[in-house]
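Me: I have a model open and would like to go through the reasoning behind some of its labels. Could you take my questions one at a time?

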Amino acid sequence: MYRLKPVMKQDVVCELPSCMYTLKPVSTYSFDPKAFTDSTTGLIEPGTVDPMSREIDNLLQKAEDDELRMLAERQQRVLQQLAELKKEILAMRTELKLNAKAPAQQSTPVKSKAQLKAEPINLTYLQDFVVNASPEYVPYSLLALKNLWKDRLNLQVECFTHSTVPKLSDEALSFQKAITTSGTTAANLPKIKVTLIWKNVGAYTEMITSPTSYVPICGEVNILRYLSRCGPSEYNYEQQDNVDEVDSILDACYLLLNKQNVKQRQQILRTLGSKLGKAAGFGGAELSVCDIAFTSAVKQVQRTIAKDINPNMHKCMGRVATMVGL
């Protein structure tokens, strides 16, 4: 590298006016440029550093060392937390392996209808309601409950046809005849009057309990939930120990009805088939609300999924048809 002449000579004397205030040097360090300047060239000798620069370097080095130290401490804490997490995961894996090798515990047995206490029906919960149903999606669960509760509660059903339905199908006419026929119910039983209106509502069967507010309960499965709460206590699935399992099956039945895609219906049907397994019904030997919901849902969409219904499902549906007269 070539040398440059100094821009400003060090021996230049600047005369200061006497009318100005004098200030002390800004730098508190005593630095004599002559001590570091070559007398022949007037340049600062290479390798010499003034105290100000040396102090700045020291401060910067100290700040860098502090930052590195803090970073190292943080990294050490992270490594310690990872080590503790690894120990917990290893302990959990060991515990899971031991539980897998241990004999499986039997699930809580489901209470049968005989074990559930048959309490008197609260008449304040009984009120007349209207059901809007499509002739293409017949709500078979109403007929099942009417026949199942014939010794405890009387469901009086009266049918009408909306102007949007020009003609009822043979299936709807057969259902209407069966549900309006008087059964062997006693005259002194509590009763609910149900008005069934055939209307083009698709698969979304509606139940209206308050005509003034018109807040419908949509879905046949949800109507079953409502009636099981206000009907005979021995048929209320919420008094059983497997409420969550029953709700999941009822939700699957709801999706089976309202999914228009055939592949989705087939997938839901396979899920229900795995839950049913080789048992006679979803509630075991006793007829449950899941059996009624499943049978009603499959009968309404069986034209699209008939080939996917396995023999045990047919057996379960046949048992429901025999017991409640579907």
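Me: In what order do the elements of the protein chain run from the N terminus on?

Reply: Happy to help! This is a predicted model, and its elements follow the order α-β-α-β-α-β-β-β-α-α-α-α-α. The protein chain holds 8 helices and 5 strands. It has 326 residues, of which 32% count as buried.

Me: Why is Ser-288 called buried?

Reply: Buried means under 20% relative accessible area. Ser-288 has a value of 15%, so Ser-288 is buried. You will find Ser-288 in the loop between helix H6 (262-276) and helix H7 (289-305). Not counting residues up to four places away in sequence, Ser-288 touches Phe-282 and Gly-283.

Me: What makes Phe-282 and Phe-294 an edge-to-face pair? Let's begin with the aromatic pairs in general.

Reply: The structure holds 3 aromatic pairs. One of them is formed by Tyr-140 and Phe-175, with 5.7 Å centre to centre and 80 degrees between the planes. Rings pair if their centres lie within 6.5 Å, and planes over 60 degrees apart count as edge-to-face, so Tyr-140 and Phe-175 form an edge-to-face pair. Tyr-140 belongs to helix H2 (residues 140-148) and Phe-175 to helix H3 (residues 170-180), 35 residues apart, and their pair links distant parts of the chain. Both Tyr-140 and Phe-175 are buried. As for Phe-282 and Phe-294, their rings are 5.3 Å apart centre to centre with 70 degrees between the planes, which makes this pair edge-to-face too. Phe-282 lies in the loop between H6 and H7 while Phe-294 is in helix H7, so the pair ties together parts that are 12 residues apart in sequence.

Me: How do you know whether Phe-282 and Phe-294 are buried or exposed?

Reply: The same kind of test works here. Phe-282 has a relative accessible area of 14%, so with a cut-off of under 20% Phe-282 is buried. Phe-294 is at 0%, so Phe-294 is buried as well.

Me: Which residues do ring pairs link into a cluster?

Reply: The cluster consists of Tyr-140, Phe-175 and Trp-198.

Me: What makes you say that Lys-299 lies over the face of Tyr-140?

Reply: The distance part of the test asks for NZ of Lys within 6 Å of the ring centre. Lys-299 is at 4.8 Å from the ring centre of Tyr-140, so that part is met. The charge must also be within 35 degrees of the ring normal, and Lys-299 is listed as lying over the face of Tyr-140. Similarly, the charged end of Arg-303 sits over the ring of Tyr-137, 5.9 Å from its centre.

Me: How are helices H4 and H5 placed against each other?

Reply: Two packed helices are described by the angle between their axes and the distance between the axes. The axes of helix H4 (residues 220-230) and helix H5 (residues 243-258) come within 8 Å and cross at roughly 145 degrees. Residues making the contact include Val-221 and Arg-225 of H4, and Leu-250 and Tyr-254 of H5. By class, this contact has 5 nonpolar, 1 polar and 4 charged residues.

Me: Which residues touch the most other members of the largest nonpolar core?

Reply: They are Trp-198, Leu-227, Leu-256 and Phe-294, in a core of 63 residues. H7 gives the largest share of this core, 9 residues. Leaving aside neighbours within four places in sequence, Leu-256 is in contact with several residues, among them Ile-268, Leu-272, Val-298 and Val-301.

Conventions. Residues are numbered from 1 along each chain as its sequence is written. This is a predicted model: local features need pLDDT of at least 70, side-chain atom pairs count only at pLDDT 80 or more; totals for chains, interfaces and linings use all residues. Side-chain values use heavy atoms; hydrogens and water are left out. Helices (H or I, at least four residues) and strands (E, at least two) are DSSP runs, numbered from the N terminus. Buried means under 20% relative accessible area, exposed over 50%, partly exposed in between (1.4 Å probe, protein chains only). Contact means heavy atoms within 4.5 Å. Rings of Phe, Tyr and Trp (its six-membered ring) pair if their centres lie within 6.5 Å; planes under 30 degrees apart count as stacked, over 60 as edge-to-face and the rest as tilted. Axes are lines fitted to C-alpha atoms, for helices over the stretch in contact, and angles run from 0 to 180 degrees between N-to-C directions. Ala, Val, Leu, Ile, Met, Phe, Trp, Tyr, Cys and Pro count as nonpolar, Asp, Glu, Lys and Arg as charged, and the others, Gly among them, as polar. A nonpolar core is a set of buried Ala, Val, Leu, Ile, Met, Phe, Trp, Tyr and Cys residues joined through side-chain atoms within 4.5 Å.
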